[in-house]
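Colleague: I'd like to learn how to read a structure like this one. Could you walk me through it?

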Protein chains: 2
Amino acid sequence: MEKLFKYIDENQDMYIEWLQDACRQPSVSTQNRGITEMSQKVANYLKNLNAKVQIVPTGRHPVVYGKIMEDKKKTLSFYNHYDVQPEDPIELWNYPPFAAEIHDGKLFARGVADNKGNLMARIAAIHAYQQVYGELPVNIKFFVDGEEETGSQYTHDAIESVPEIIETDGYIWESGYKTPDGAISVRLGLKGMLYVELQAEGANTDLHSSNAAIIKNPAWRLVWALSTLKDVNERVNIKGFYDNVEPPNELEEKILENILYHEDHMKENLGLDGYLLNLKGTDLKRKLIFQPTCTICGIVSGYTGEGSKTVLPSKAKAKIDFRLVPGQDPSRIVRLLRKHLDDHGFNDIKILKISEKKAAKTNPNDPLAQVVIKEAEEFYGKKPQVLSMSPGTGPMYKLAKQYNIPAVSFGVGYENSKIHAPNENIRVMDYIEGIKFVCKVMKEFSEFEDNKEKYFDKEAIH
Amino acid sequence: MEKLFKYIDENQDMYIEWLQDACRQPSVSTQNRGITEMSQKVANYLKNLNAKVQIVPTGRHPVVYGKIMEDKKKTLSFYNHYDVQPEDPIELWNYPPFAAEIHDGKLFARGVADNKGNLMARIAAIHAYQQVYGELPVNIKFFVDGEEETGSQYTHDAIESVPEIIETDGYIWESGYKTPDGAISVRLGLKGMLYVELQAEGANTDLHSSNAAIIKNPAWRLVWALSTLKDVNERVNIKGFYDNVEPPNELEEKILENILYHEDHMKENLGLDGYLLNLKGTDLKRKLIFQPTCTICGIVSGYTGEGSKTVLPSKAKAKIDFRLVPGQDPSRIVRLLRKHLDDHGFNDIKILKISEKKAAKTNPNDPLAQVVIKEAEEFYGKKPQVLSMSPGTGPMYKLAKQYNIPAVSFGVGYENSKIHAPNENIRVMDYIEGIKFVCKVMKEFSEFEDNKEKYFDKEAIH
């Protein structure tokens with residue numbers, strides 16, 4: 001593939017400009033900002049690859065579906081999303097979040113790591129392959145979601161109206177990152193999620209805080225209710241929350257032990273004294289990968305500016321995400337949460353369910369998983385960090401696992417990509433390398449049956 | 001005083017315009033917005049009364065001091081403040097907060113009830129008295145604070161540089177309101193306050209919430225810490241918090257029992273099911289007036305917009321006010337709070353002290369208190385609601401009580417004035433009435449020694 005890689009190197013400025021173009025279009029799904037423009041842009045990128053493209057309407061933001069069917073034996077799909085998280089707190093960004101400026105070899109933009117960098121690397125890979133070889137080794141499908149960052153609640157509508165979307169031999173899933181030692185992370189699953197907003201109300205207007213002696217304070221109600229959900233030992237106290245949680249199996253435990261998690265590097269990078277519960281090593285990794293969570297993602301009530309304001313707030317709300325693992329059903333968890341609040345005297349706290357999805361895992365022995373793991377080692381010169389499950393979340397269950405389609409996630413981020421946070425960035429060279437690696441995965445996946453002997457090497461799993 | 005009251009009625013449009021002029025100048029002390037302009041405006045209002053005026057610098061916003069010394073036997077002082085609370089949440093205002101629009105006989109503006117309406121009523125009273133009678137019955141001093149809403153931390157500097165400010169026979173304190181049955185509230189004291197910000201920190205940047213499985217969440221730390229401060233039974237659990245709290249004495253208990261607190265009206269007005277702990281009657285009033293509080297005035301962390309954002313916040317903060325009663329020293333409470341947090345494992349939570357002041361009470365048998373209580377009944381045709389202590393707070397201890405100066409608070413608000421909240425307003429006719437009542441209090445206070453027999457009537461205290 002020397003010729004192909006040379007072509008990519010020679011045209012890297014063009015591919016970087018493509019990425020900047022994609023990042024300069026805000027596409028914040030939760031605020032419905034720039035969504036139409038971005039979906040149109042993605043459609044045009046795909047048309048430029050001679051793909052047949054449909055903008056498939058859903059209950060919310062459309063899916064952009066593109067296919068390049070050249071009558072190959074296998075079909076490989078890319079699941080990506082064109083939406084991004086909100087950019088606030090904007091004052092903490094060193095560069096404008098939608099300017100896509102490059103500084104010190106890093107491209108800074110909201111969504112560049114999660115996951116416009118990956119979407120564009122895959123588009124660039126197809127383009128380069130076509131330019132150099134005239135045809136692709138596999139049929140290709142792009143499944144580009146428009147509401148991943150808000151929970152992909154309506155994404156499945158696209159499968160219902162265009163069932164062929166899921167006729168595929170496997171998905172390369174949305175994103176991933178490189179570890180500090182230069183290996184890439186390969187993720188074979190995703191945690192599930194239940195995202196809720198808890199709401200408390202007091203008087204029908206904010207009041208002078210002197211009234212707090214006798215009038216209900218929704219901020220206190222919310223704080224008290226929250227404090228019953230999880231204790232300082234990180235135990236979720238909702239009755240039944242841990243029922244049916246599937247522990248890692250033997251192979252997964254082995255994979256877990258072999259993960260190089262750069263805990264000291266991360267700790268230093270993030271200014272931390274240590275990890276929760278002073279966990280280290282395999283215990284730390286097991287908690288990150290196989291344990292469900294209960295997280296306050298946001299809380300607000302009353303006056304939050306500088307100095308003092310003596311107000312009794314009329315409202316309080318908290319945003320809570322529960323990351324779920326196989327065995328946990330988000331619909332059941334929300335019922336348990338309601339019961340928990342009622343049982344603890346908080347029937348005045350309302351629950352607004354914002355999104356829910358189940359966890360998903362792909363078998364490490366699946367051909368696509370084998371190809372990615374093995375080729376990653378060869379291409380990057382390091383055994384990849386294999387995660388049975390990403391601690392993140394996506395609609396992998398609904399769009400893949402429920403149809404028994406394997407899904408393997410990797411991408412062009414690195415450990416300091418700050419996804420969902422200010423100063424999100426990727427290293428430009430990771431992006432260029434990532435384009436090449438996608439080419440390699442396409443080619444090797446097409447030849448899997450001919451090269452079976454080089455896979456299923458136990459040592460490849462680590 | 002018929003002639004005087006007639007003059008006030010005939011000139012009410014002018015006095016209303018004066019008030020609108022004062023309300024149209026924003027003067028938000030916590031944001032240092034419009035402070036210089038407002039202090040200059042107040043100085044001009046006082047010069048217009050032929051007062052000798054000084055703008056007295058302090059460590060923060062200046063005090064405007066004006067005196068009209070006509071060699072009378074007695075000196076009466078007005079303590080007011082020209083600063084206001086921030087106007088946010090601005091989206092909940094029905095009219096612009098600094099437009100001073102009049103709708104349905106109500107003037108809407110930030111600060112109109114607390115307390116520009118009172119300041120201007122007192123200025124208007126002096127003006128009218130001078131116009132009609134040519135001279136005042138007492139010497140007058142205006143002590144106009146510029147940072148009452150941020151805790152008057154530097155206000156006392158003005159007394160140090162101009163000691164004559166406190167040469168007075170009594171203060172009419174800043175504000176008050178009318179009850180739903182048309183009586184005015186007369187307040188003989190103020191609760192103290194300790195206002196702090198509690199701060200928690202996690203990683204040095206916001207992170208993707210998948211990291212919450214292993215990385216400290218400052219929002220959880222803050223919620224857990226707060227939940228130890230006060231329990232659902234409204235008991236403050238800081239060890240020593242209630243030490244030395246002075247319960248109401250016999251006279252105060254009698255006054256308490258006789259307060260008409262319109263609990264059903266208030267409840268309905270505010271959309272409440274009931275009061276805290278289902279309190280009613282004297283128990284409710286006792287808690288409001290004589291019990292200290294611990295109130296979350298604000299809390300914020302992470303994402304607080306619409307929809308979902310899966311973020312692990314890097315910071316969390318809460319604004320807490322403790323309303324204190326006689327016997328409680330705010331300097332001691334902040335030490336107890338530090339110890340409480342440390343003892344409960346929250347030495348990572350920082351305390352930023354924003355303001356502190358002690359509670360103050362004036363003896364109901366004091367001449368100024370007697371004059372106000374008795375004349376209020378005569379003027380308003382209803383026995384006033386007498387509160388031994390306002391559940392609100394001000395610098396009464398530091399500027400009056402520590403020098404044994406009596407201070408009596410009343411004003412032109414009403415029960416729905418929404419002070420410190422959106423849609424702050426007063427009824428215009430209460431303002432005009434309030435101008436007249438100030439005239440009456442000045443006159444009767446000047447003649448107190450000649451009319452002693454009509455005071456000290458036990459039934460006047462209720």
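Here is a short chat about the fold, one helix and the pairing of the chains.

Modeller: First, this is a predicted model, where local features need pLDDT of at least 70, side-chain atom pairs count only at pLDDT 80 or more, and totals for chains, interfaces and linings use all residues. Residues are numbered from 1 along each chain as its sequence is written, with chains lettered from A and ligands numbered from 1 in the order in which they are written.

Colleague: How much of chain A is buried?

Modeller: Buried means 20 or more other C-beta atoms, placed from the backbone, within 10 Å of the residue's own. In chain A, that applies to 55% of the 462 residues.

Colleague: Why is helix α4 of chain A described as largely enclosed?

Modeller: Helices are DSSP runs of H or I, at least four residues, and strands are E runs of at least two, numbered from the N terminus. Helix α4 of chain A covers residues 112-133, and 18 of its 22 residues are buried, so the rest of the structure largely encloses it. Just after α4(A), G134(A) has a positive phi of about 80 degrees.

Colleague: What relates chain A to chain B?

Modeller: Copies are superposed by least squares on C-alpha atoms of residues with pLDDT of at least 70 in both. Here a rotation of 180 degrees, with 0.0 Å of shift along its axis, puts chain A on chain B at RMSD 0.1 Å. That is the relation of a two-fold axis. In chain A, the C-alpha of V300(A) is nearest the axis, 2.2 Å from it.

Definitions and conventions
Buried ≥ 20, exposed ≤ 12 C-beta atoms within 10 Å, placed from the backbone.
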